[in-house]
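Grab a coffee and work through these short exercises with the model open beside you. Try each task before reading its solution.

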Amino acid sequence: GGSQPEFDIPKLVRLHGSGKLSADGLVTNRYRLDGLNRAIDDLRAGAVAGRSVVWIEDPPAELAAGVA
């Protein structure tokens, strides 16, 4: 594709930070590190949209409610 991550990612972060881009719809699930096997299973089963983010530490309070 035509993506240039070194330019595109900072731009997306700025847009999100300014409230012009919502990433909420892009996150299908959140997992703690102890849920890594479940995250991999969900990825293989197509239950997540292609990527899984695993928190190594406790997630920020505003995200904690959605952590599996």
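**Surface and ground rules**

The chain exposes about 5500 Å², with carbon and sulfur atoms supplying 55% of it (Shrake-Rupley method, 1.4 Å probe). This is a predicted model, where local features need pLDDT of at least 70, side-chain atom pairs count only at pLDDT 80 or more, and totals for chains, interfaces and linings use all residues. Residues are numbered from 1 along each chain as its sequence is written, and side-chain values use heavy atoms, leaving out hydrogens and water.

**Exercise 1. Work out the order of the elements along the chain.**

Step one: count three helices and two strands (DSSP runs: H or I of at least four residues for helices, E of at least two for strands, numbered from the N terminus).
Step two: read from the N terminus, which gives α-β-α-β-α.

**Exercise 2. Check the span of helix α1.**

Step one: take its 13 residues, 5-17, at 1.5 Å a residue, using one less than the number of residues.
Step two: the expected span is 18 Å, and the end C-alpha atoms sit 17 Å apart, so the two agree.
Step three: look just after α1, where Gly19 has a positive phi of about 85°.

**Exercise 3. Is Asp42 buried or exposed?**

Step one: find Asp42 in helix α2, residues 36-45.
Step two: its relative accessibility is 16%, so Asp42 counts as buried (under 20%; exposed is over 50%, partly exposed in between, with a 1.4 Å probe and protein chains only).
Step three: list what Asp42 touches beyond four places in sequence: Asn29, Tyr31, Ala47 and Val48 (heavy atoms within 4.5 Å).
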